[in-house]
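User: I'd like one part of this model looked at closely rather than a quick tour of everything. Please pick a spot where side chains meet and tell me what sits where.

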Amino acid sequence: LGKYFTGRCLAITLAAVLAVFCPARPAAAEEQAVISLWVVHATEENREKPFFGRGLEAIRDVMEGLPGDTFRRVLNQRNVIPLHKEIRIRMDSRYTLFLKPVSREENGRIRIDLRVELDPKKPDGKPVRLLGTRLALAPGKKVKLQGFKKEAGELIVVMVAQQE
Amino acid sequence: MKRRDWKMIEANFDGEVKAVLEAGPEAAAWHGALEKQRAGIRAVHDPAVIQDAQFPAFMAGIREGMETPQPLFSRRRIYAAVSMAAAALLIALATFAVFTGSPEPVKANEVERVYTELEGATVGYDQEDGVTTLWVNISRDDVLQ
């Protein structure tokens, strides 16, 4: 009987130790970030009411108050990015977005390095880092990047880190 | 032997019938088994009682057991100590888990730095209604080819 209870106590203790000290999320989820991203072309077309193209329903609230009355989706993608790996997203013929998750905080935020580069005007020129930032993204909270001018209107980037 | 014969032996054993059974090895064995069963049942029914003459020896045995010191590292003591330690550890861990818990999920993004390398351009950011906005102010001439 003593052996039985001792074994049982030890098993329960071991389970408690594992439950407390083992991470709640699987290891694979710790090592990657899932970031949804939209690139939107905003233009002024003298409309009475703002126009939102298809595929922008999830970020329509973010578009309110922006310059322009017409918003069209250029791209929308869900990126699963391993930590420390940089991905490159071509926004249009001139702008390129670079995105690199660098760490995941204990509270769930994902720290990322992000930059938008502008291609040179001349073929032998170098790209210019137009906007660079380090951000800690809270899951579900949107980030908007704006000011990427085009011949007509401008490009807007919206991103959100997904809760895993 | 037939089933009927077994029953006859049992009835004869109980004195219910006075049939004279033909002796045989099987009948004798069954008869012996019935006797043993009855003796066992009787023993349970009449529990052993310590007689007055036996009592001093009985008490001496108990006294000896009480006075003999238990070994310091007996298996039973080790089991008890380990069980106590395990229970204490379990309670400590449970308390730790309840009072510390997991970190609170954050409710906002955080901008650690923002910069531009384009001469003449300005950058900035703000947070409103849970949305973080970063912007760059550039001249259209910087972009147009």
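Analyst: **Side chains that meet, starting from chain B**

Reading chain B from its N terminus, the elements come in the order α-α-α-α-β-β-β-α. That makes 5 helices and 3 strands for chain B, where helices (H or I, at least four residues) and strands (E, at least two) are DSSP runs, numbered from the N terminus. Keep in mind that this is a predicted model: local features need pLDDT of at least 70, side-chain atom pairs count only at pLDDT 80 or more, and totals for chains, interfaces and linings use all residues. As for bookkeeping, residues are numbered from 1 along each chain as its sequence is written, chains are lettered from A and ligands numbered from 1 in the order in which they are written, and side-chain values use heavy atoms, with hydrogens and water left out.

Chain B has 145 residues, and 14% of them are buried (under 20% relative accessible area; exposed is over 50%, partly exposed in between; 1.4 Å probe, protein chains only). Its accessible surface is about 11,500 Å², with 59% of that belonging to carbon and sulfur atoms (Shrake-Rupley method, 1.4 Å probe; for residues, only the protein chains shown count as cover). Of the contacts in chain B with a separation of 6 or more, 14% are between residues 24 or more positions apart; a contact means heavy atoms within 4.5 Å.

Start at helix α1 of chain B, residues 3–13, where the buried residues are I9(B), A11(B) and F13(B). What do they pack against? It's α2 (25–45) of chain B. After α1(B) comes G15(B), with a positive phi near 80°.

Now to the rings. A pair of aromatic rings is described by the distance of the centres and the angle of the planes. Over all chains the structure holds 3 aromatic pairs (rings of Phe, Tyr and Trp, its six-membered ring, with centres within 6.5 Å; planes under 30 degrees apart are stacked, over 60 edge-to-face, the rest tilted). One of them is Y95(A) with F148(A), edge-to-face, at 5.6 Å centre to centre and 65° between the planes. This pair ties together distant parts of chain A: Y95(A) is in strand β5 (residues 95–104) and F148(A) in strand β8 (residues 142–149), 53 residues apart. Y95(A) has 1% relative accessibility, so it counts as buried, and F148(A), at 0%, counts as buried too.

Chain B has a tilted pair: the ring centres of F55(B) and F58(B) are 6.0 Å apart, with the planes at 45°. These two lie in helix α3 (residues 55–67) of chain B, 3 residues apart, about one turn of the helix. F55(B) is partly exposed at 41% relative accessibility, and F58(B) is partly exposed at 38%. Both belong to a nonpolar surface patch of about 490 Å², along with I50(B), I62(B) and M66(B). Patch residues have over 30% relative accessible area and no salt bridge; like charges are joined within 9 Å, nonpolar side chains (Val, Leu, Ile, Met, Phe, Trp, Tyr) within 5 Å. I62(B) is in helix α3 of chain B as well, and its 35% relative accessibility makes it partly exposed.

On to charges. There are 14 salt bridges over all chains (a side-chain nitrogen of Lys or Arg within 4 Å of a carboxyl oxygen of Asp or Glu). R47(A) and E45(A) make one of them, at 3.0 Å, N to O. R47(A) is partly exposed at 33%, as is E45(A) at 35%. Another joins D119(A) to R90(A), with the closest N and O atoms 2.5 Å apart. That one spans distant parts of chain A: D119(A) is in the loop between β6 (110–118) and β7 (128–137), R90(A) in strand β4 (residues 87–90), 29 residues apart. R90(A) is partly exposed at 34%.

R111(A) and E105(A) also meet in a salt bridge, 2.7 Å from N to O. E105(A) is buried, at 14% relative accessible area. Shared partners join E105(A), R109(A), R111(A), E110(B) and E112(B) into one network of salt bridges.

Last stop: R78(A), in strand β3 (residues 70–82) of chain A, is exposed at 57%. Beyond its neighbours within four places in sequence, R78(A) contacts V34(A), I35(A) and S36(A).
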